[in-house]
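This report describes the secondary-structure packing of the molecule shown below. It treats the sheets, the helices that pack on them, and selected local features in turn.

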Amino acid sequence: MLNYNSPIDNQINYNDLSIKEISPIMKLNLRGSKREFFTTVGKHLDMILPTEANTSSSSSKLTSIWLSPDEWLVVSNDKIEKDTNKYDLEENLYNSISKTSLGAVVDVTDQFVMLELKGANIYELFSSGSPFNFNDFKEKKGSTTQTLLNNIDVIIHNKGENLANLFVRRSFSEHLYSWMNDSASRL
């Protein structure tokens, strides 16, 4: 990406918990509800968008996270090693969906920071600052939720046992990361 400046400059490691930013990662917001929208997106992503609340689906290159009945966050599974803000997938989706009025495609790569959390204490950290009950969530690989963490809107994706991704708006990321660092040191 061009001139990517991360608000996160270190990695947190405390009590069987590590937190770090994964960047740059392509993130696209998709919106649509027509049958043609799902067909077109499926062809471009090589996967079916999840239609059940708080779930995700993955292919070898991408993960799609359900946000609402007509909204998804599509994230690349690997870092983007380009010197440009242009993505072929975004352009293809935009031409096939937005230009044909089937839905909307928006690049939110710079809007969200993606943090990767590893370790046995992930959900203790989340529970210390969120009203969400993580008991069932942590048992279901691929489950997702939109919740508050220390009064900040976040999206959490359960990637497997002791592994989760957290998406937070860039403007709140430094504050949340500082809170996570402090809270992790007390677990």
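## A convention for helix crossings

A crossing of two helices is called left-handed if the near helix is turned anticlockwise from the far one by less than a right angle, and right-handed if it is turned clockwise. By this convention, helices α1 and α2 cross in the right-handed sense. The structure discussed here is a predicted model.

## The helix pair α1 and α2

Helix α1 comprises residues 35-45 and helix α2 residues 88-98; the two pack at an angle of about 160°, and their axes are 10 Å apart. Angles over 145 degrees count as roughly antiparallel, and α1 and α2 are therefore roughly antiparallel to each other.

On the α1 side, the contact is made by F37, T40, V41, H44 and L45, and on the α2 side by L89, N92, L93, S96 and I97. Of the residues in this contact between α1 and α2, six are nonpolar, four are polar and none is charged.

## The five-stranded sheet

Five strands form an open sheet with antiparallel pairing, in the order β4-β5-β6-β3-β7. Strands β4 (56-58) and β7 (103-107) each have a single partner strand and stand at the edges, so one side of each is left without a neighbour in the sheet. From one strand to the next, the twist averages 20°.

Within this sheet, β5 and β6 run antiparallel and are joined by six bridges. In this pairing, S64 stands opposite V74 of β6.

Helix α1 packs on the sheet and touches β3, β5, β6 and β7, its direction making about 155° with that of β3. Helix α2 lies across β3, β5 and β7 and runs at about 160° to β7.

## The six-stranded sheet

A further open sheet is formed by six strands in the order β1-β2-β8-β11-β10-β9, and its pairing is antiparallel. Its edge strands are β1 (12-14) and β9 (144-149), each of which pairs on one side only. Here the twist from one strand to the next averages 20°. Helix α4 packs on this sheet, where it touches β1, β2, β8 (112-119), β9, β10 (152-160) and β11 (163-169); the direction of α4 makes about 135° with that of β11.

At one edge, β1 pairs with strand β2 (residues 17-21) in the antiparallel sense over three bridges, and I12 stands opposite I19 in β2. At the other edge, β9 and β10 run antiparallel and are joined by six bridges. In this pairing, L148 stands opposite D153 in β10.

## The helix pair α3 and α4

Helix α3 (residues 122-129) and helix α4 (residues 170-184) have axes that come within 10 Å and cross at roughly 115°. Angles of 65 to 115 degrees count as roughly perpendicular, and α3 and α4 are therefore roughly perpendicular to each other. The crossing of α3 with α4 is right-handed.

Residues L125, S128 and G129 of α3 make the contact with W179, M180, S183 and A184 of α4. The residues of this contact divide into four nonpolar, three polar and no charged.

## Salt bridges

How many salt bridges does the model contain? The count comes to four, where a salt bridge requires a side-chain nitrogen of Lys or Arg within 4 Å of a carboxyl oxygen of Asp or Glu. One of them joins R31 to D70, with the closest N and O atoms 2.8 Å apart. R31 lies in strand β3 (residues 27-32), whereas D70 lies in the loop between β5 (62-68) and β6 (71-76), so the pair ties together parts that are 39 residues apart in sequence.

## Backbone features in loops and hairpins

Two residues with positive phi may be noted in the six-stranded sheet's connections. N15, in the loop between β1 and β2, has a phi near 40°, a positive value in a residue other than glycine. N150 takes a positive phi near 55° in the hairpin of β9 and β10, which has two residues between the strands.

A cis peptide bond links S23 to P24, with omega near -10°. P24 is placed in the loop between β2 and β3.

Conventions. Residues numbered from 1 in each chain as written. Predicted model: local features only at pLDDT ≥ 70, side-chain atom pairs only at ≥ 80, totals over all residues. Heavy atoms only, no water. Axes fitted to C-alpha atoms, helices over the stretch in contact; angles between N-to-C directions. Helix = DSSP H or I, 4+ residues; strand = E, 2+ residues; numbered from the N terminus. Parallel < 35°, antiparallel > 145°, perpendicular 65-115°, else oblique. Contact = heavy atoms within 4.5 Å. Nonpolar A, V, L, I, M, F, W, Y, C, P; charged D, E, K, R; others polar. Pairing = 2+ DSSP bridges.
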